[in-house]
Amino acid sequence: MNRTTLSLIAGATALAAVTGFAAVSTPDTGPAEQRTGAATLPVERTGLLCPQPSASDLAETTYTSFTPVTEGADDKGTAVLRAAARQSAPDEDDNSEDEKAAEDGESGESGDKEEKDEKGAEKDSGAGKPVLQLREPGKPVAAEADGADAPALVGIAEGRFASGWTAQQTTEVTAGTGRGLQGVACSTADTQFWFPGASTDDSRTDYLHLTNPDDAAAVVDIELYGKDGELETTVGEGITVKPRSAEPVLLSTLTAEKQTDVTVHVVVRSGRVGAAVQALDDELGGDWLSASADPSGSLVLPGIPKDATAVRLVAFTPGDADVDLKVQLASPSGLITPAGNETLHVKGGMTAAFDLGDLTRGEAGSLVLTAPDRSVPVVAAVRVLRGKEGEQESAFIPAARPVETRATVLDNTAEGTTLSVTAPEGDAEIRVTASAGTKGGTPRTKTYSIKRGTTQDVDAPVPTGLKGSYALTVELRTGGPVHASRTLAATEGGVPFFTVQPLPDDRGMVAVPDVGEDLSVLQR
């Protein structure tokens, strides 16, 4: 097969096609003889989508946005999150407000404007007006919204804010179905998602939230797979998501079959969307279920809380082949095999669920699932319970991508934050940076060594003089790969509220081959 030699501009175009948003510029790297090999550059444009936080009038939501300081990034740019439902036609006043906010950010002004961002999300969540806007890299900003009117968000970051841009929403619901702490990292748009661990059972109210960032409508198909294979659905095909809008779909309305464990497959026919499942239980609280890592013969589900009282694994293999998954727990002392659960059988095209009990037994742990010869692709997630019967809360941990270079998690607090890191295949060294707080504080950094096959709940740094919440950024320095997650916990009325977010790599850097170099590796 003939290889095609592409220019730098063509390479950037190919990168954009692969990542959805990946804009780069040509650096001034000096004479030609110094420009050999690939340059690693910060991305210059990226997008994020946040689902509607809650339908409860009792919900209290905090949105947080942050970009780490990145060497080589542009010295200008913006990062704005807007209410999705009102994004299609911003007027001239909205554009003027954007420009003024960007100018304030570049000049470092805060004062009354900062307080408005901290407390004024509802005021700013109207037709196309910014809900949350960053002022400078390295300093997170937050906004609050109460009740069911808190909107889904669509955002774009450019220039100095694009590389590593992260956003998070955390919602506390004090009573009713799904009461508890619900957290989710805002995600990039894509064309396919897998969600093992959803449900159409009468005790659950699970919504698939679809958010369209673009100016054209997206068309989506939703497939549901239960214990005996694909479920018959009535309206799961050809769902239209309007431009720059969010669409919640109640999964139980798509099928007459009531099943405890369901795998949801989202396929976008036209356009692209962000997707997340909000899983709400009548008795066991609720949380967001983020998409599993792509189907693979080797999966890591990082950071199961050490005080988990019940762990339920849900797995699915998309093909026709059955698979016997090897199950290991990466504990603080190394990889161990859970007694009675050495291997788990998953039939092709059918959702399988396994109760693993109090798997971690008071120690940090991560699940490592491996197919024989890693030959059969699988997706998986666990539902975790904490607390005693009658006072339990649930959260979900999907299989997660590794931290290849850097990842960030937001809305951390001085008390109640646990950062869990596992290195299933080899020793690793990581650097963890706690940013300044949303209302003040000085960043701190620590370095940790993670032994092969172990999971460590690291003593993560907290900003000096912290006010508000802060970001934790994990960077892989040597070895690996590593996988990480963050647990955020609080106790309300004797119930252990908690939420867990994996830290996938932020993909904030791209390797751009030199002009004239063979870029056929991008043609996949």
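**Exercise 1. Is Lys-451 exposed or buried, and at what relative accessibility?**

Solution. The model is predicted: local features need pLDDT of at least 70, side-chain atom pairs count only at pLDDT 80 or more, and totals for chains, interfaces and linings use all residues. Residues are numbered from 1 along each chain as its sequence is written, and side-chain values use heavy atoms, with hydrogens and water left out.

Step 1. Buried means under 20% relative accessible area, exposed over 50%, and partly exposed in between, with a 1.4 Å probe and protein chains only.

Step 2. Lys-451 has 54% relative accessibility, so this residue counts as exposed.

Step 3. Its place is the loop between β32 (444-450) and β33 (454-458). Strands (E, at least two residues) and helices (H or I, at least four) are DSSP runs, numbered from the N terminus.

Step 4. Leaving aside neighbours within four places in sequence, Lys-451 is in contact (heavy atoms within 4.5 Å) with Ala-423 and Asp-427. The C-alpha atoms of Lys-451 and Ser-333 are 8.7 Å apart, although 118 residues separate the two in sequence.

**Exercise 2. Describe the salt bridges of Arg-312, Glu-425 and Asp-206.**

Solution. Step 1. A salt bridge is a side-chain nitrogen of Lys or Arg within 4 Å of a carboxyl oxygen of Asp or Glu. The structure holds 17 salt bridges.

Step 2. Between Arg-312 and Asp-355, the closest N and O atoms are 2.9 Å apart. Arg-312 belongs to strand β20 (residues 310-316) and Asp-355 to strand β24 (residues 352-357), so this pair ties together parts that are 43 residues apart in sequence. Asp-355 counts as exposed, at 57% relative accessibility. A network of salt bridges links Asp-261, Arg-312 and Asp-355.

Step 3. Glu-425 and Arg-374 form a salt bridge at 3.8 Å, N to O. Glu-425 lies in the loop between β29 (417-423) and β30 (428-434), and Arg-374 in the loop between β25 (365-370) and β26 (379-386), so the pair ties together parts that are 51 residues apart in sequence. Glu-425 is partly exposed, with a relative accessible area of 43%; Arg-374 is partly exposed at 47%.

Step 4. Asp-206 forms a salt bridge with Arg-204, with 2.8 Å between the closest N and O atoms. Both Asp-206 and Arg-204 are buried.

**Exercise 3. Which residues touch the most other members of the largest nonpolar core?**

Solution. Step 1. A nonpolar core is a set of buried Ala, Val, Leu, Ile, Met, Phe, Trp, Tyr and Cys residues joined through side-chain atoms within 4.5 Å.

Step 2. The largest core has 31 residues, and those touching the most other members are Leu-301, Ile-304, Leu-313, Leu-325, Leu-367, Leu-369 and Val-382. Strand β21 (residues 323-331) gives the largest share of this core, four residues.

Step 3. Beyond residues up to four places away in sequence, Leu-367 touches a set of residues including Leu-299, Leu-313, Leu-356 and Val-382.

Step 4. A second, separate core of 26 residues includes Ile-222, Val-249, Val-264 and Val-268.

**Exercise 4. How many bridges join strand β10 to strand β16, and how many join β12 to β16?**

Solution. Step 1. Two strands pair if DSSP finds at least two bridges between them.

Step 2. Strands β10 (residues 192-198) and β16 (residues 262-270) run antiparallel and are joined by six bridges. Gln-192 has Val-267 in β16 as its bridge partner.

Step 3. Strand β12 (residues 218-226) also runs antiparallel to β16, with seven bridges. Here Leu-224 has Val-264 in β16 as its bridge partner.
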